[in-house]
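Biologist: Before we begin, may I ask you to justify each label that you use, step by step?

Modeller: Certainly; please look at the model first.

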Amino acid sequence: MSSLVWSDALSLAMPVMDDTHREFVDLLAEVQAADDAALLARWQTLIDHTIDHFGQEDRWMEATGFAPGSCHMTQHAVVLKVLKEGAELGAQGNLAPIRQMAHELTIWFPHHAQTMDAGLALHLKSVGYDPLTGQIAQPEALPEQAISGCGGSCGGHGSDAEVAQEESQQAA
C-alpha cells in the first residue's frame, strides 16, 4: 500500500491551510502504520481532524462567496460520510475497509489539495481573506454571485454548466 508524505508539492503557500493539510497527512500516516489494536482510535482521530479541517474550509468558502452546494463542499461531505462508514465497519470488527480507505486517501488527497484547495487558496488570496481573523481586505473582489462550480479548479467561477457553456463558446 502506498503512503503519503508531506512535500512542497502539497503546499499552497497559505500557512493555515498548509498546517492543517500537513496534520492530515501525518494522521493518515499514523493510521497506515497502526496495528489492529490501535487502528480504530487512530482512524477516529483522523475523522475528528477531518471534521474540523473540512468545516474550516467550508466556513472560508461560505464567508467569501461559495455556494453551499459547490462541488468542493459536496466532496467534503461525501468523503466525511465514507470515513464515518469506515469507522462503523471497524467497530463491527471489519478493519480491512479502513485500511483500504486509508490507501485511497493517499491517492485522493494530493489531487484534492492541488485542484480544489489550490483554487480555494487562490480565491482567498484574491479577496485578501485572513483565515485567522475572518477579515476580508478586498470586499470589492468578492464574487457577485456565489461560486457554485469547482471553485476555480475547473477554470471559472460559475457553475459547472456555465463553465462548460463558456468553454464551448470559446471553442466556436
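Modeller: Aspartate 19 has a relative accessible area of 46% and is partly exposed. Please keep in mind that this is a predicted model.

Biologist: Why is aspartate 19 called partly exposed?

Modeller: Buried means under 20% and exposed means over 50%, with partly exposed in between. The value for aspartate 19 is 46%, so this residue counts as partly exposed.

Biologist: What makes the contact of arginine 22 with aspartate 19 a salt bridge?

Modeller: The rule asks for a side-chain nitrogen of Lys or Arg within 4 Å of a carboxyl oxygen of Asp or Glu. In this pair the closest N and O atoms are 3.0 Å apart, so the contact is a salt bridge. Both residues lie in helix α1, three residues apart, which is about one turn of the helix. Arginine 22 is partly exposed as well, at 33%.

Biologist: How do you know that aspartate 36 and arginine 99 form a salt bridge?

Modeller: Their closest N and O atoms are 2.8 Å apart, and the limit is 4 Å, so the pair qualifies. This pair links distant parts of the chain, since aspartate 36 is in helix α2 and arginine 99 is in helix α4, 63 residues apart.

Biologist: Why is aspartate 36 called exposed, and why is arginine 99 called partly exposed?

Modeller: Aspartate 36 has a relative accessible area of 52%, and exposed means over 50%, so the label follows. Arginine 99 has 27%, which lies between 20% and 50%, so this residue is partly exposed.

Biologist: What makes glutamate 85 and lysine 81 a salt bridge?

Modeller: Their side chains meet at 2.5 Å, N to O, and this is within 4 Å, so the definition is met. Both residues lie in helix α3, four residues apart. Lysine 81 is exposed at 52%, whereas glutamate 85 is partly exposed at 34%. A search of the whole structure finds three salt bridges.

Biologist: Which residues form the negative surface patch, and what makes aspartate 48 accessible enough to belong to it?

Modeller: The patch is formed by Glu23, Asp26, Glu30, Asp48 and Asp52. Patch residues need over 30% relative accessible area, and aspartate 48 has 39%, so this condition is satisfied. Aspartate 48 lies in helix α2, while α1 gives the most to the patch, with three residues.

Conventions. Residues numbered from 1 in each chain as written. Predicted model: local features only at pLDDT ≥ 70, side-chain atom pairs only at ≥ 80, totals over all residues. Heavy atoms only, no water. Patch = residues over 30% accessible without salt bridge, like charges linked within 9 Å, V, L, I, M, F, W, Y side chains within 5 Å. Areas by Shrake-Rupley, 256 points an atom, 1.4 Å probe, with all protein chains shown as cover. Lys, Arg positive; Asp, Glu negative; His and termini not counted. Charge placed at Lys NZ, Arg CZ, Asp CG, Glu CD. Helix = DSSP H or I, 4+ residues; strand = E, 2+ residues; numbered from the N terminus. Buried < 20%, exposed > 50% of the residue type's maximum accessible area, 1.4 Å probe, protein only.
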